[in-house]
Amino acid sequence: MINTCTTVFKNICYTLFLCLLMGGVHAQVKEQGIIPQPYRIQKTGDVFRFSPNVAIGVGDGISTDNLIFFNQYFRSLAGYTLKNGKNTGALQLRIDSVAVTQAEGYKLSVTSKQISITGHDQAGVFYGLQSLLQLLHKSNGKITVQGCTIEDHPRFAYRGMHLDVSRHFFKVDAIKKWIDLLALYKINTFHWHLTDDQGWRIEIKKYPLLQSISAYRDETIIGHKRDSPHRFDGKRYGGYYTQEEVKAVVAYATQRHITIIPEIEMPGHALAALSAYSELGCTGGPYKAATYWGIFDDVYCAGNERTFTFLQNVLDEVLPLFPSRYIHIGGDECPKTKWKTCPKCQQRIKDEHLKDEHELQSYFIGRMEKYLNSKGRQIIGWDEILEGGLAPGATVMSWTGEEGGIAAAKLHHNAIMTPEKYVYLDYYQSLYPSEPLAGGGYTPLSKVYNYEPITKELSDDEAKYIKGVQANAWSEYLASTAQAEHQIFPRILALSEIGWTTKGNKSYSNFLKHLRYEHSLLKQLNINAADTFDEITDSVTESADHQVQLALSSTLPNAQIYYTTNGTTPGLKSKKYNKPFIVTTSGQIKAAVFSGAKQIGRVYQKDFYLDKAIGKTVTLTNQPQGGYNPGNTFGLVNGVFGSKLYNDEQWYGFNGDDLEAVVDLGKVQPVSQLGINILKYHWQKMWEPTLLTFETSTDGKNYTEVYRQTTFNDNGINAVRANIKATQARYIRVKGTNKGIIPPGEYIAGAKAWLMVDELIVK
């Protein structure tokens, strides 16, 4: 039997041993927690007991790679190695594609006398062994497995995790450690994002300047991209993987039935490459690798034949390193600004009889697809490759939303769902103020887990083109291995259950029950997994009598929540939360979760600001859009101010449209102060209005302007508080004129500006 193992594997094996020795969910025989949840599991009263006499019967054709992890782990746990019984043994492994008809599927049977694993294929045997690992139990020096029968197979063929190493670089040991854990949880694809504006991370021998120049940037932004002015650390940063290192990682992943798909970004996100080979850009440069995050106008020149020669030569070195069927070519966030003024690009449009720059992008993608097809490969691209027409055999990775995947499936193209709103791991997983800096959005564990890749817009025939699901970890704010792990784990376990477990078998409460053990395991593996899932979440809603109602909850079983309404720290003598309650006064509410006398997690807090507009009817002329549309107008009059992170569904966004809102106070009454919050982040395309006005009326027809403002100086939240001459009013109208098109010289010039507002204030 093979008993060699990497240091990473040895550490995992030893820690698994310690966890079982110390107890936990798996120490309770009645808890056979497997993540992802199997298709069918039936428990019996049998118990299988291991001993030094137990042999492993390895059926014909089974790769010994499947046994590496299991053997090392078992020896760490038991102190002895199971014998090689060849075709006989109490632990039987075999492949039978008739007995198990689904690819990657397996059957696992545990009786008092034998454990048998039958896989449809090599991967099926491997995944059966991973499930067996999660069922092993040690007590009083004895290793046992509770009797059961499991029939299992994945729901989706593609179950992936994406990792960006361009913004921040992670060493090979970290990549291997994470691959081990992906395999344990039956994730079968690792999408390796190797090139971008901030760094080129793979050795290409034909172009040595990619290693000496493109792999490094002069410095790195400090803080968030939205900050203004930008600050930098002044430190050169970079690195790259040699081809030998890439081969080693690919081989390592292959042993664990994980396919690595490389991404070589084109035609946009090319600044790092252009910094070394400036002739590939539309202007000829000079260029430098980007030192901050975002979208940049300088992209590969689509009219220059040298661009295609360069990319084909790059791919010629990439393809031998990655045996994957698919190669990811990016295709996202490619501004057309330079193409519009580039003589070569305009000549290409003319020569190829293209309609515009969008069709030029389609030409670019289609040409690279043909080249990869000639090498026996298929392309995957982000959903922007739909612009100007989809290349014939392309698979769409839908990230901006679900629309790209839906459109692709309706065109009978394969699609992989990875919408940022649900499965971006670089987004915040908690709204607690103490959360470390993250990308922007909010994807808590529950939101990831409950994502459903097959949307109602698709017919049964169209749904078969949805090949799977992927979680993405972009590394702008993952400056260290520890921070990356905080963002990836445990949410990637939720992704594993989306991809593997049938919809009807999913249960968030059961998942959490199993996760609590797995989380302790991750911690003891020195994985910096986040532990936010049992903390307090809230819901601010409108009560039946139009007051503000606050509901608190925690997923921790038998937990109690205690809270205060005066800003003091809650304890066991504070008010015990039993049901949603009405917030009657302004102030800060704090709450904490307790298990017995022990506080679990951080103290929750929320500030409320109550005024005359609370719960009143709001009418909007234009509707908010995109991810800044909470779906109702109550958020404008609920007494809760949106945070500077704009990820809490408090902000209302108008993309290119003006704001016009009317608040009906219900009756004529005295008014002396009006207010609203405006969010200004030019680096996020969020612009202040060119004009903001307040108007009052007693009848809703005749309005009088009482205040106007044209300057908003703060980068971030601009709290407008207009003290006006006391007047009688029932209706308050606020108007905000959108900036419209972002002007030249600004970030994303030419795009529509967002006008972001929150909380209409009347006092």
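The exercises below, each with a worked solution, concern a predicted model.

**Exercise 1. Describe the second largest pocket by its volume, its central residues and the make-up of its lining.**

Solution. Begin with the space itself: the second largest pocket has a volume of about 370 Å³. Next, consider the 19 residues that line this pocket, of which Ala 157, Tyr 158, Asn 188, Thr 189 and Tyr 326 are the closest to its centre. Finally, sort the lining by residue class, which gives 8 nonpolar, 7 polar and 4 charged residues.

**Exercise 2. Determine how the span of helix H8 relates to the expected value, and state which of its residues are buried.**

Solution. Helix H8 covers residues 305–318, 14 residues in total, and its first and last C-alpha atoms are 20 Å apart, close to the 20 Å expected at 1.5 Å a residue. Turning to the start of H8, one finds that a side-chain oxygen of Asn 304 comes to within 2.9 Å of the backbone nitrogen of Arg 306. The last step is to list the buried residues of H8, which are Thr 307, Phe 308, Phe 310, Leu 311, Asn 313, Val 314, Leu 315, Glu 317 and Val 318.

**Exercise 3. Establish whether helix H2 is mostly covered or mostly uncovered, and examine the residue that follows it.**

Solution. Helix H2 runs over residues 68–78, and 8 of its 11 residues are buried, so that the helix is mostly covered under the cut-off of 20% relative accessible area. The buried residues are Ile 68, Phe 69, Phe 70, Asn 71, Gln 72, Tyr 73, Phe 74 and Leu 77. After H2 comes Gly 79, with a positive phi near 85 degrees.

**Exercise 4. Identify the residues with the most contacts in the largest nonpolar core, and the helix that gives the most to this core.**

Solution. As background, nonpolar side chains in soluble globular proteins tend to be buried together. Here the largest nonpolar core holds 156 residues, and those touching the most other members are Phe 50, Leu 136, Trp 192, Tyr 300 and Ile 492. Helix H4 (residues 172–184) gives the most to this core, contributing 9 residues. A second, separate core has 48 residues, including Ala 591, Ala 661, Ile 678 and Ala 729.

**Exercise 5. Locate the cis peptide bonds at Pro 267 and Pro 490, and the positive phi values of His 269 and Glu 759.**

Solution. The background is that most residues other than glycine have a negative phi, and most peptide bonds are trans. Met 266 and Pro 267 are joined by a cis peptide bond with omega of about -10 degrees, and Pro 267 is placed in the loop between strand E17 (259–266) and helix H7 (271–276). His 269, in the loop between E17 and H7, has a positive phi near 50 degrees and counts as buried at 4% relative accessibility.

The other cis peptide bond to locate joins Phe 489 and Pro 490, with omega of about 10 degrees, and Pro 490 sits in the loop between helix H16 (481–488) and helix H17 (491–500). Glu 759, by contrast with a loop position, is found in strand E36 (residues 754–762); its phi is positive, about 60 degrees, although it is not a glycine, and it counts as buried because its relative accessibility is 0%.

**Exercise 6. Decide whether Thr 564 is buried or exposed, and find the polar partner of its side chain.**

Solution. Thr 564 belongs to strand E25 (residues 560–564). Its relative accessible area is 8%, and therefore Thr 564 is buried. A polar atom of the Thr 564 side chain lies 2.5 Å from the backbone oxygen of Thr 568.

Key
Residues are numbered from 1 along each chain as its sequence is written. This is a predicted model: local features need pLDDT of at least 70, side-chain atom pairs count only at pLDDT 80 or more; totals for chains, interfaces and linings use all residues. Side-chain values use heavy atoms; hydrogens and water are left out. On a 1 Å grid over the protein atoms alone, a cavity is a set of points where a 1.4 Å probe fits but cannot get out, and a pocket is an open set with protein on both sides within 12 Å along at least five of seven lines; lining residues have an atom within 4 Å of a point. Grid points are joined across faces, edges and corners, and a volume is the space filled by probe spheres set on the points. Ala, Val, Leu, Ile, Met, Phe, Trp, Tyr, Cys and Pro count as nonpolar, Asp, Glu, Lys and Arg as charged, and the others, Gly among them, as polar. Helices (H or I, at least four residues) and strands (E, at least two) are DSSP runs, numbered from the N terminus. The expected span of a helix is 1.5 Å times one less than its number of residues. Buried means under 20% relative accessible area, exposed over 50%, partly exposed in between (1.4 Å probe, protein chains only). A polar contact is a pair of N or O atoms within 3.5 Å; within protein, one must be able to donate a hydrogen and the other to accept it, and residues adjacent in sequence count only if both atoms are side-chain atoms. A nonpolar core is a set of buried Ala, Val, Leu, Ile, Met, Phe, Trp, Tyr and Cys residues joined through side-chain atoms within 4.5 Å.
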